[in-house]
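Trainee: Got a minute to go through the labels on this model with me? I'd like to see how each one is argued.

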Amino acid sequence: MGSVLGLAALAVVATSRGAGQLGNLPALTDGFGAAFVRSAAIAAVGGIAG
């Protein structure tokens with residue numbers, strides 16, 4: 001259940017930063033980059049806490 005919610009949250013970040021513009025590759029790449037940075041931050045916090 002947690003992985004499903006995490007994936008959904010990262011998809012929201014990716015589309016909101018990329019403004020949902022599928023034809024605009026730089027905006028889409030920026031959105032996925034932001035999602036991966038946030039994912040890495042969450043993993044780092046989890047590693048420190050665990």
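**Labels and their reasons**

Mentor: Sure. Keep in mind that the model is predicted. Start with Thr-15, which is partly exposed at a relative accessible area of 46%.

Trainee: Why is Thr-15 called partly exposed?

Mentor: Buried means under 20% and exposed means over 50%. The 46% of Thr-15 falls in between, so partly exposed is the label. Thr-15 is part of helix 1, residues 2-17.

Trainee: And what makes Gly-6 partly exposed?

Mentor: Same kind of check. Gly-6 has 29% relative accessibility, and that isn't under 20% or over 50%, so it's partly exposed too. Gly-6 also sits in helix 1.

Trainee: How far apart in space are Gly-6 and Ser-39?

Mentor: Their C-alpha atoms are 8.6 Å apart, with their positions 33 residues apart in sequence. For Thr-15 and Ala-34, 19 residues apart along the chain, the C-alpha separation is 9.9 Å.

Trainee: Which residues of helix 2 are buried?

Mentor: Ala-27, Gly-31, Ala-34 and Ala-35 are buried there. In an α-helix there are 3.6 residues a turn, so residues three or four places apart point the same way.

Trainee: How do you know that the span of helix 2 is close to the expected one?

Mentor: Helix 2 covers residues 25-49, which is 25 residues. From first C-alpha to last it reaches 36 Å, and 36 Å is what 1.5 Å a residue predicts, so the two agree closely.

Trainee: What share of the chain's residues is buried?

Mentor: Buried residues are 14% of the 50 in the protein chain.

Notes. Residues numbered from 1 in each chain as written. Predicted model: local features only at pLDDT ≥ 70, side-chain atom pairs only at ≥ 80, totals over all residues. Heavy atoms only, no water. Buried < 20%, exposed > 50% of the residue type's maximum accessible area, 1.4 Å probe, protein only. Helix = DSSP H or I, 4+ residues; strand = E, 2+ residues; numbered from the N terminus.
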